[in-house]
Amino acid sequence: MLELSYDINIKSTNFCCNIQAGGMFMDLETFNQMPAFMRKEMENLKQVAAPILKKRLIFLFTAVPLLVISLVYLSSFWGETHFGTETFVKIGIAALGAAFGMALIRESSYQKRNVQQKVFQYILERMQKSEVLSDERKTRYVTAVKEQPFTVMSNFMEFLNEEESRRQHLAEL
């Protein structure tokens with residue numbers, strides 16, 4: 001589906017978004033070159049994803065050092081031939097640390113899927129709420145997003161462009 005990059009706090013002013021599944025990379029320059037209506041929608045997407053991405057970052061930034069330190073410490077026992085009770089306790093604690101780090105990494109991947117689902121859900125709801133496009137056009141975009149999850153962002157951008165052009169056309173009348 002969709003993956004937003006973790007270049008956040010969501011870089012408050014920088015919206016770096018790497019939509020792997022959509023094949024789209026958006027950096028600050030691209031974001032600033034977008035029309036205002038698209039920037040607004042990207043900010044809304046950012047607000048939907050930010051709390052979950054922040055939690056994911058905390059998990060990752062805790063898990064990776066914990067896992068590395070635990071595994072390095074465990075490797076220090078590799079050539080030791082004499083194991084006492086104290087050594088087994090140290091090995092057990094290091095193994096628990098490594099297991100906890102691995103569990104945090106697993107939880108991080110769950111949070112990644114959660115972000116993907118939230119963004120996907122937001123995009124579908126946003127498409128369905130459009131008051132400017134006809135039901136037929138909205139259904140076409142929703143169907144395209146559901147059937148081709150790898151092009152979610154390009155379909156969303158196309159939707160936003162069509163919606164804005166339709167809105168401008170109606171304003172001229």
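This is a short walk through one protein model, from the overall layout to a few side chains.

Okay, so before anything else, keep in mind that what we're looking at is a predicted model. The protein has 173 residues, and 38% of them count as buried. In terms of secondary structure, we've got five helices and two strands. If you follow the chain along, the order is β-β-α-α-α-α-α, with the strands ahead of the helices.

How do the contacts split up along the sequence? Take the contacts in the protein with a separation of 6 or more: 64% of those come from residues 24 or more positions apart. As for the outside, the protein exposes about 10,400 Å², and 59% of that is supplied by carbon and sulfur atoms.

Let's go to the surface, then. There's a nonpolar patch there made of Val64, Val68, Val72 and Ile105, and together they have about 310 Å² of accessible area. Which helix gives the most to that patch? That's H2, residues 36-75, with three residues. Here's a general point worth having in your head: an α-helix has 3.6 residues a turn, so residues three or four places apart point the same way. Back to the patch. Val68 sits in helix H2, and its relative accessibility is 47%, so Val68 lands in the partly exposed class, which runs from 20% to 50%.

Now, aromatics. Searching the whole structure turns up four aromatic pairs. One I'd like to show you is Tyr73 with Phe77: the ring centres are 5.1 Å apart and the planes sit at 90°, so we call this pair edge-to-face. Are the two partners buried or exposed? Well, Tyr73 has 35% relative accessibility, so Tyr73 is partly exposed. Phe77 is at 10%, and that's under the 20% cut-off, so Phe77 counts as buried.

There's also an aromatic cluster, formed by Tyr141, Phe156 and Phe159. That takes us to helix H5, which covers residues 152-172. H5 has 21 residues, and from the first C-alpha to the last it reaches 30 Å, close to the 30 Å expected at 1.5 Å a residue. Which residues of H5 are buried? The list is Val152, Met153, Asn155, Phe156, Met157, Phe159, Leu160, Glu163 and Glu164. So you'll spot Phe156 and Phe159 again, both buried in H5 and both part of that cluster with Tyr141. Notice too that Glu163 and Glu164 are among the buried ones.

Okay, that's my tour.

Note on methods: Residues are numbered from 1 along each chain as its sequence is written. This is a predicted model: local features need pLDDT of at least 70, side-chain atom pairs count only at pLDDT 80 or more; totals for chains, interfaces and linings use all residues. Side-chain values use heavy atoms; hydrogens and water are left out. Helices (H or I, at least four residues) and strands (E, at least two) are DSSP runs, numbered from the N terminus. Buried means under 20% relative accessible area, exposed over 50%, partly exposed in between (1.4 Å probe, protein chains only). Contact means heavy atoms within 4.5 Å. Accessible areas come from the Shrake-Rupley method with a 1.4 Å probe; for residues, only the protein chains shown count as cover. The expected span of a helix is 1.5 Å times one less than its number of residues. Patches are made of residues with over 30% relative accessible area and no salt bridge: like charges are joined within 9 Å, nonpolar side chains (Val, Leu, Ile, Met, Phe, Trp, Tyr) within 5 Å. A salt bridge is a side-chain nitrogen of Lys or Arg within 4 Å of a carboxyl oxygen of Asp or Glu. Rings of Phe, Tyr and Trp (its six-membered ring) pair if their centres lie within 6.5 Å; planes under 30 degrees apart count as stacked, over 60 as edge-to-face and the rest as tilted.
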